[in-house]
Amino acid sequence: MTRALPQPQETFLIGNLRELDPDRFSESLQRLQELYGDIYRLTIFKTNVVVLSNHEFINFVCDESKFDKKIAAGLLELRNAGGDGLFTAHTSEPNWKLAHKILMPAFGPQAIRDMFPAMMDICSQLILRWERFPGEEIDVCDNLTRLTLDTIALCSFNYRFNSFYQKTMHRFVDAMINVLVESGRRAQRFSLQNTLMMTTTRWYNNEIAYLHNVCDEIVRERRKNPNDVKDLLNRMINGKDPETGYQLSDENIRYQMLTFLVAGHETTSGLLSFALYYLLKNPHTLQKVQVEVDQYGEITVDTLSKLKYIDAVLKETLRLQPTAPGFILTSKEDSVILPGGYEVHKDESIIVVLHKLHRDPKIWDRPEEFVPERMLNGGFENLPLNSWKPFGNGQRSCIGRPFAWQESLLALALVIKHFNIEFVDPSYDLRIKQTLTIKPEGFKIRVRSRQRVGILLDTNITPVNKATEKTSKQKDDTKHLRPMAIFFGSNSGSCESFAATLASEAPLYGYNATVATLDSAVNSLPNDQPTIIITASYEGNPCENAKQFMAYLESKPKLEINYAVFGAGHHDWVNTYQKIPIYIDQMIENAGGTRIIERGVGDSGGDFYGAFEAWKENLFQTLRKDNGEHNIISEEKLSIEIVNLKRNFEQITDSGILLQSKVLVKATEIVPTIKHLEIKLPKGQTYRTGDYLAILPSNPVEIVYRVLKRFNLSTDTQVKIHCSTNTFFPTNHPVSAFDILSGYVELAQPISKKQIETLAALCKDEKEAVQLKNLNGDTYETEILNKRISILDTLELYSSCDLSFAQYLRMLPSLRVRQYSISSSPLWNSEVVTLTFDVLNVPALSGSGQYFGVASNYLANLREGNQISCSVRASNTRFHPPEDTTIPIVMIAAGTGIAPFRGFIQERAAQLVCGRNIGSTILYYGCRSQEDFLYSNEFEKWSSLGAVQVKSVFSRQSNNGKKYVQDLLWEDRNEIASLYCKGARFYTCGSGRKVGASVKTCFIKIIAEIKQCNEEEATKILEKISCDRYNVDVFA
Ligand SMILES: Cc1cc2nc3c(=O)[nH]c(=O)nc-3n(C[C@H](O)[C@H](O)[C@H](O)COP(=O)(O)OP(=O)(O)OC[C@H]3O[C@@H](n4cnc5c(N)ncnc54)[C@H](O)[C@@H]3O)c2cc1C
Ligand SMILES: NC(=O)c1ccc[n+]([C@@H]2O[C@H](COP(=O)([O-])OP(=O)(O)OC[C@H]3O[C@@H](n4cnc5c(N)ncnc54)[C@H](OP(=O)(O)O)[C@@H]3O)[C@@H](O)[C@H]2O)c1
Ligand code: HEM
Ligand SMILES: Cc1cc2nc3c(=O)[nH]c(=O)nc-3n(C[C@H](O)[C@H](O)[C@H](O)COP(=O)(O)O)c2cc1C
């Protein structure tokens, strides 16, 4: 009995064509797998395609006696350029066998070894280029494409593209990409359409002609100046089939040249780019790679085979990101029955989706995680047959694999040996760009030399050190000052802002401070100057730009430095409060460091800025004593300068577009306004269900107007900011005060004790000065912090205070990015997200006027069509629906904490509609009344489909004595336990202080009852479960 294959509904004439996005072909197939499962059929126009995604099916079709490579779709179109070159030839074509025989020896072990000097030559050019620009932005894919293109051309054809000596990439690369992309598009059009698109076709043919010309030119040159090197080109020109004596024709040589230039660089540059990405995201792995390469004084051809860990890194990179993301096969027999009884016919293309094969949970433990160790100690060798296939299958697999491997080992080893590397945007998450191959999009790094390494570099480039030129002028002004190094770890900007504030005030105390991320301090903490570290923790983990530093500390380096640490945290994270600053402070002491002062503790849920100021004061006083109070610049000179704040502009550079804005709940006395937005993501960005959207907001106009009024400025007042240090503020040209206040600074933070002191000193009215000073006493917490009285509130109350606008700006922290859970699933729309949020618009705690939350009001007031500075941020790796749709999930939410779960349920509903098996999906939801039951209509619809079971409770309506979600959980405790035994995953979202804490307590009670243990033991059990079965995403 055969079984029908799942298939999306077809559209007249084009079949399932619309399911495939030509620019995101691979992602379209992955999306369809999530909807339809590991095997499904598509009909494109009239052709049938079967798509396979798990090991069981793929292992079956890799049997070469039954299946062969098929040249179809984009590959068939690519024959316009590559003809019967190796890659695009049908296996049955005589030229495939002929070329395979003649060219294969060029990739034998000795031949590849002989290519080492040429590979080193080009790699040295990359290293020199990067050394010339320490700290500057490097576009990773651009640079690595130059590397691999120049390497294949030099090694194979003794031809130099000289890409590192040119500003823009060689024209060959553009033409190649154009041809690859257009070939893909042509495959998705009717042939009549292609014929009618005459201009496009002419352009396409011209691009192909250009590529052929480049190849012909290289061959002409060789024929004119022949040599006896045994390179690929000579083998193409002179090689003979030993059995028949046949040679390649001139036309076929041209096709082979093009094939090797294209196939020989795209995939390898992608591999190297992804490898760097994963190393940066996994600092412990990066450390291990550094340790491995540091064992060798120089990297020689003999070193390469010893680099076992880098070898594992490359294998694991290709597992997660097979840069040739799939291949196409076809059955040799008329019909074959696949496992499960699915029948496939001879005329059908069978697409093997490597992304999914390489994540098949039956083969790979923790498939989404980057774990090179799994490839070591026999791990790779013992993998089931056909479970790792980035180089294709059987006789049609990649001929250039040894070439790519040697080149990649060398490049990665040299880069890691030479440089400390960090992300330009530490929150960068992988975005994929696809032509025929895949690459990371928008991935940028900065590098700094680690040490001079003993390799021979081809040095005919004179370094022009821009950075030195720039800083030397600054040094003139500050050369009498002592150096100080400040390093920060920061995700949402407060620590970065503290670091900048410290640096800007350092000259007052005789120091000239540099500011950089903690990751840039790996191996380079200075021991000749005070080192200041300011950092936060996130769920007990380091910030994105401090991860490498943490791994570095764990390697136990010797650190005889003078240092001080300030930690930012929030007391609601009870178990991990200040975890990272405490750890760093302790580790540096253990490593031989000397504390300048005790660790500072800032609680962002308390007197955050006050704590920082007090610590800063103490730090400078202590340093001043050590310094003999010399070299101090007068405050007056600095008072006209703006502090060196850094807005999060660098992190969010792209814009999304608001498509729709809807009110879900109108504000009442007990509920705020709750809104739903639909936002088109910035180009190229996609997301996973459960991810966040980071938003760079603007301040509400109401508060901006209040500031302008207090300083007697009008909306069009222009100010010109001068600043001797780097600043995010637009400097040296007029900008409106309105724009600065709207977009650069937080205006509503509570005033700190130090700021009160400053304001009191500037009060002309003696009575006001005394009143202000009094606020700094015992009443500070009740009168200032609890009421969240800002500097602006204070200035309005104490009108005699003569604070200048510049002084005011200096006191303000930079504007923070806010995050929102995405409340949709990419299976609904992979380019559009929805958000669900409360609009914070309430009477101010100060007792005067309204308080407007910055981001929620910014979002609420946007109009459809408006642009939004935003970027997708990955959530905790486990806060996503399980890959295996049959695993039961239990979601617990209160209020807008429903946001991510709407996405989870939307996803499961879509999968159910497409015929997939869905495990129990249960939502426990608490809100105030039926009126603020968010998305109740949608949940009803999804419930009736069987996609979810919703259990709700209303806190302001009588409900049989039940008030909150935990009351329902307790009532259902036996069912909860039974779901747990069936492998269910549990998720909670909402306010950490409220639902987060209460649900945790409830689970502890349930465990204690069921396991008959005390609460302490039950807590330990819950903590263990939390690793992968109980995932919490809450906010204070
Ligand atoms: C990972 C993550 C996901 C999130 N997802 C969501 C989501 O999906 N939906 C959602 O709604 N939120 C979500 N949040 C919260 C969101 O990021 C913002 O914190 C929230 O919208 C408030 O931001 P805001 O800029 O409007 O307010 P802000 O300007 O930041 O104001 C908040 C501050 O104002 C103070 N305050 C409150 N009331 C008053 C008052 N009456 N007078 C004076 N001060 C007051 C608060 O104590 C708080 O410190 C999430 C947070 C995180 C970290
Ligand atoms: N990913 C995330 O981290 C994320 C995502 C979305 C939202 N959020 C955050 O989640 C919070 C939701 O705020 P909201 O105003 O919508 O809801 P809320 O204030 O948390 O109230 C929602 C419901 O929870 C009830 N509640 C109060 N205390 C509770 C407790 N201890 N246990 C269980 N339920 C309790 C409330 O009842 P009463 O009011 O009647 O007491 C109300 O019915 C916000 O802070 C938001 O920023 C976080
Ligand atoms: C990490 C780097 C590389 C990856 C992931 C990769 C991947 C692949 C895959 C999957 C195939 C099979 C395609 C199919 O079945 O349709 C293939 C074929 C091929 N590759 Fe590679 N490749 C890489 C590097 C190279 C290099 C460096 C060269 C040249 C020096 C090269 C030359 C070729 C050629 C000529 C073929 C066609 C072989 C044939 O069908 O006979 N590749 N490659
Ligand atoms: C999702 C999330 C997790 C957090 N986890 C912790 C934590 O484990 N320990 C802690 O002390 N503070 C924690 N905090 C509070 C932050 O560390 C604190 O707000 C800090 O000021 C942020 O600094 P930054 O703006 O420089 O990133 C957390 C905050 C968020 C939003």
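Q: What makes a residue part of the surroundings of ligand 1, and which residues come nearest?
A: A residue is near a molecule if one of its heavy atoms lies within 4 Å of it. Around ligand 1 there are 23 residues, and Gln819, Tyr820, Val854, Ala855 and Ser856 come nearest. This is a predicted model: local features need pLDDT of at least 70, side-chain atom pairs count only at pLDDT 80 or more, and totals for chains, interfaces and linings use all residues. Residues are numbered from 1 along each chain as its sequence is written, chains are lettered from A and ligands numbered from 1 in the order written, and side-chain values use heavy atoms, leaving out hydrogens and water.

Q: Why is the pair formed by Tyr820 and ligand 1 called a polar contact?
A: The term needs a pair of N or O atoms within 3.5 Å. A polar side-chain atom of Tyr820 lies 2.6 Å from an oxygen atom of ligand 1, so the pair qualifies. An oxygen atom of ligand 1 also lies 2.8 Å from a polar backbone atom of Val854.

Q: How much of the accessible area of ligand 1 does the protein cover?
A: The protein covers 77% of the 990 Å² that ligand 1 has on its own, by the Shrake-Rupley method with a 1.4 Å probe.

Q: How do you know that E9 and E12 pair?
A: Strands (DSSP runs of E, at least two residues) pair if DSSP finds at least two bridges between them. E9 and E12 (residues 444-449) have 5 bridges, in the antiparallel sense, so they pair. Glu422 stands opposite Arg446 in E12.

Q: What makes E4 (138-139) and E9 (419-423) edge strands?
A: Each pairs on one side only. The open sheet has the order E4-E12-E9.

Definitions and conventions. Helices (H or I, at least four residues) and strands (E, at least two) are DSSP runs, numbered from the N terminus. A polar contact is a pair of N or O atoms within 3.5 Å; within protein, one must be able to donate a hydrogen and the other to accept it, and residues adjacent in sequence count only if both atoms are side-chain atoms.
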